[in-house]
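Open the model in a viewer and keep a selection tool at hand. The stops below are meant to be taken in order.

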Amino acid sequence: MGLFDMFKKKEGPAVPASIGVEPGADELCSPVSGRAIAMSEVPDPVFSGEVLGKGCAVWPEDDVVYAPVSGTVTVTMGHAVGIRSDSGIEVLVHVGVDTVNLQGKGFTAYVAQGDAVAAGQPVLKMDRSAIAAAGYKDCVVLAVSNTADFAAVDMAVEPGAVVAAGDVVVGVSRGR
């Protein structure tokens, strides 16, 4: 290492390519590929009881988690990302059950609070083997945290359906 090498900017994690998706203003895409389940099937009473909002979850096949909507990142927590969509839908993408206990270990963030994101853009990466080794489940929850602002928030695929990252899995109905 040369004298000036220590002053060079260190490169962040390599960010995977975005996937090409264009959901409608009131649609949420699956953040991962895998098997979709109803919120009631999430093995966590906070999510299954829809305390944090309605939506669905996906048992993932891959490690990269993509933005389900275009909008602004409102919060990042290592294992979770909040996004306010351009149309006003507040979305929580939460990876795993009790993974908050990992304190960010096993997760790589690709976005920060205040960033603008496009649907299909990578937002984080999870180490599924680290999550399993810690004894946690890795289902990826997609919840509309401002559910009460809408007439309905419904799963757009049948529970158990195999979905690809970017497939529409939740629809939001406006009006009362």
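The tour goes through a predicted model, stop by stop.

**Stop 1: Ser-30**

Select Ser-30, in the loop that runs between β1 (27-29) and β2 (34-38). Is Ser-30 buried or exposed? Its relative accessible area is 1%, under the 20% cut-off, so Ser-30 counts as buried. Now show the side chain: one of its polar atoms lies 2.5 Å from the backbone oxygen of Val-32. Then display what surrounds Ser-30 beyond its neighbours within four places in sequence. The contacts are Val-58, the run Val-163, Ala-164, Ala-165, Gly-166 and Asp-167, and Val-169.

**Stop 2: the nonpolar cores**

Next, select Leu-28, Val-65, Val-95, Val-123 and Met-126. These belong to the largest nonpolar core, which has 32 residues, and they touch the most other members. Colour the strands that contribute: β3 (54-60), β6 (80-85), β7 (90-95), β10 (122-126), β11 (140-144) and β14 (168-173) each supply at least two residues of this core. There is also a second core, separate from it, with 11 residues, among them Ile-37, Val-42, Ala-57 and Leu-92. In soluble globular proteins, nonpolar side chains tend to be buried together.

Stay with Val-95 for a moment. Which residues does Val-95 touch, not counting those up to four places away in sequence? The list is Val-65, His-79, Phe-107, Leu-124, Met-126, Ile-131, Asp-138, Cys-139 and Val-140. Asp-138 comes up again at the last stop.

**Stop 3: β11 and its two partners**

Select β11. Five of its five residues are buried. Show the side chains and look along the strand: Val-140, Leu-142 and Val-144 point one way, while Val-141 and Ala-143 point the other way. In a regular strand the side chains alternate between the two faces of the sheet.

Add β3, which pairs with β11 in the antiparallel sense over five bridges. To find the register, pick Gly-55, which stands opposite Ala-143 in β11. Then add β7, which is also joined to β11 by five bridges and runs antiparallel to it. Here the residue to pick is His-94, opposite Val-141.

**Stop 4: β5, β6 and β7**

Move to β6, where five of the six residues are buried. Strand β5 (residues 71-76) pairs with β6 in the antiparallel sense, over five bridges, and Thr-72 has Arg-84 in β6 as its bridge partner. The two strands form a hairpin with three residues between them. Select Gly-78 in that turn to see a positive phi of about 75 degrees.

Follow the chain from β6 into β7. This pair is antiparallel and has five bridges, with Val-81 matched to Val-93 in β7. Four residues lie between the strands of this hairpin, and Gly-88 takes a positive phi near 95 degrees.

**Stop 5: the three-stranded sheet**

Hide those strands and select β4, β10 and β8. They form an open sheet in that order, with antiparallel pairing. β4 (64-66) and β8 (107-109) stand at the edges with a single partner strand each, so one side of each is left without a neighbour in the sheet. From one strand to the next the twist averages 20 degrees. Between β4 and β10 there are three bridges; one residue pair to pick is Val-64 with its bridge partner Lys-125 in β10.

**Stop 6: the salt bridges**

How many salt bridges does a search of the whole structure find? It finds three. Side chains of opposite charge can pair when their charged atoms come close.

- Select Asp-26 and Arg-174, whose side chains meet at 2.8 Å, N to O. Asp-26 is in the segment before β1 and Arg-174 in the segment after β14, 148 residues apart. Asp-26 is partly exposed at 23% relative accessible area, and Arg-174 is partly exposed at 42%.
- Select Arg-84 and Glu-90, with their closest N and O atoms 2.7 Å apart. Arg-84 is partly exposed at 38%, as is Glu-90 at 30%.
- Select Arg-128 and Asp-138, with their closest N and O atoms 2.8 Å apart. Arg-128 is in helix α2 (residues 128-133) and Asp-138 in the loop between α2 and β11. Arg-128 is partly exposed at 26%, whereas Asp-138 is buried at 11%.

How values were computed. Residues numbered from 1 in each chain as written. Predicted model: local features only at pLDDT ≥ 70, side-chain atom pairs only at ≥ 80, totals over all residues. Heavy atoms only, no water. Buried < 20%, exposed > 50% of the residue type's maximum accessible area, 1.4 Å probe, protein only. Polar contact = N/O pair within 3.5 Å; in protein donor to acceptor, adjacent residues only side chain to side chain. Contact = heavy atoms within 4.5 Å. Core = buried A, V, L, I, M, F, W, Y, C linked by side-chain atoms within 4.5 Å. Pairing = 2+ DSSP bridges. Axes fitted to C-alpha atoms, helices over the stretch in contact; angles between N-to-C directions. Salt bridge = Lys/Arg side-chain N within 4 Å of Asp/Glu carboxyl O.
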